[in-house]
Structures are given as C-alpha cells and as structure tokens.
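Visitor: I would like to be walked through this structure slowly, with each term explained as it comes up.

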Amino acid sequence: MQILGFAKKKSKEEIVEEVILEQYNQYYRLAYSYVRNEADAEDIVQSGAYKALRGSKDLRSPENAGTWVYRIMLNEIFSFVRRPQPESYEYIQEELGMEPKYVEDNYVDIDLQRALDSLQEQDKAIVIMKFFEDKKLEEIAEILNENLSTVKSRLYRSMKKLRMILE
C-alpha cells in the first residue's frame, strides 16, 4: 500500500500470516504424514498457526519467517505425537491384521509408512522434508536448527535403515 509515495512496511504479524496462508497445504501434508488423520492434522496446523501468529512479535528476522513457522509446526507435530492417544479404529484394524481403509488421495504404501514410523521423530522429519516436501538439505538444517553435516549424516543413516526394513 502506497501512502504519498511511501510504501507501508508489513508488520511481523502480517508477514507470518502471509507465510501461513501460502504454506498451509504443505504444513497440513507434513502433519498428516505423522498422524494419518485429517482432523488431527488440521488441529495441529491450526494450533501451530495460532502459536505463530500469537508469537509473531518474537520473530527476530522477517526474512526467516518461513523457517520460523515451519519449526513451530514441527514442534506442534512432535508434541502431538508424544501425547498418549486413544486407540483409533484404524489402529485396532492393524493390530487384528486387517487392512486399514484409506481415502484415495491420502493412500501411502503401508510398508513405507511403517518403515517411516520406525524412525526417530527428527530422522523421520528429515526424510519427509527431503523427499515428500522437496526441501533442500540447507533448508532442512535451518528449520531443525542443526548443522548441515548432521542433517546429511542423519539422512544417510535413515535411508540405510529404510532400505534394510523394506528389503
């Protein structure tokens, strides 16, 4: 918006809101890949968006808003996954050896999903961001606040483990 030749500077809250709106589907897919439940994934993303908007004043650098919000979403996912969950109908089906039913668009190879679930949370996040979200290793390192070499070695170990499980 221009006022007498001066461009209005966006507030941190406006920048965070813009990032959330642009990346909402990506955050949802990431959450869904962990919880495999549409309602829970939506709750996670909504909670993460709320926390990001509420804490937008704490954003140090507006240029890093995307990474900052992504980290908040990952923390929301991890805290949700750690919480004790009631057993779902799908979980009971799996325990009884029955094939769970999947919605067409959300079908993921059952063996691959189980293999991914066997990884530690941070390792699973790296694999998902690299291969399902097409993030560069540098971006992943920044999001997870880790060294690039650490991310590379964790990805290598995770891929080796996944290959062994899937063979």
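Visitor: How many aromatic pairs does a search of the whole structure find?

Guide: This is a predicted model, in which local features need pLDDT of at least 70, side-chain atom pairs count only at pLDDT 80 or more, and totals for chains, interfaces and linings use all residues. Residues are numbered from 1 along each chain as its sequence is written, and side-chain values use heavy atoms, with hydrogens and water left out. Rings of Phe, Tyr and Trp (its six-membered ring) pair if their centres lie within 6.5 Å, and planes under 30 degrees apart count as stacked, over 60 as edge-to-face and the rest as tilted. By that rule, the number of aromatic pairs found in the whole structure is three.

Visitor: Which kind of aromatic pair do Tyr34 and Phe78 form?

Guide: A pair of aromatic rings is described by the distance of the centres and the angle of the planes. For Tyr34 and Phe78 the centres are 5.9 Å apart and the planes stand at 75° to each other, which makes the pair edge-to-face.

Visitor: How far apart in sequence are the parts that this pair ties together?

Guide: Helices (H or I, at least four residues) and strands (E, at least two) are DSSP runs, numbered from the N terminus. Tyr34 lies in helix 1 and Phe78 in helix 3, so the parts tied together by the pair are separated in sequence by 44 residues.

Visitor: Is Tyr34 buried or exposed?

Guide: Buried means under 20% relative accessible area, exposed over 50%, and partly exposed in between (1.4 Å probe, protein chains only). Under these cut-offs Phe78 is buried, and Tyr34 is likewise buried.

Visitor: Which residue lies over the face of Tyr34?

Guide: A charge sits over a ring if NZ of Lys or CZ of Arg is within 6 Å of the ring centre and within 35 degrees of the ring normal. At 4.3 Å from the ring centre of Tyr34, the residue lying over its face is Lys124.

Visitor: Which helix gives the largest share of the largest nonpolar core?

Guide: A nonpolar core is a set of buried Ala, Val, Leu, Ile, Met, Phe, Trp, Tyr and Cys residues joined through side-chain atoms within 4.5 Å. The largest one has 42 residues, of which Tyr34, Val69, Leu74 and Met129 touch the most other members. The largest share of this core amounts to eleven residues, and they come from helix 1.

Visitor: Why do the buried residues of helix 7 line one face of the helix?

Guide: In helix 7, which covers residues 137–144, the buried residues are Leu137, Ile140, Ala141, Ile143 and Leu144. They line one face because, seen down the helix axis and taking the directions from the axis to the C-beta atoms, they fall within an arc of 165°.

Visitor: Which helices do the buried residues of helix 7 pack against?

Guide: Contact means heavy atoms within 4.5 Å. The buried residues of helix 7 pack against three partners, namely helix 3 (65–82), helix 6 (121–132) and helix 8 (148–166).

Visitor: Which residues does Asp123 touch, not counting those up to four places away in sequence?

Guide: Asp123 lies in helix 6 and, at 11% relative accessibility, counts as buried. Arg154, in helix 8, also counts as buried because its relative accessibility is 12%. With those sequence neighbours set aside, the residues that Asp123 touches are Arg154 and Ser158.
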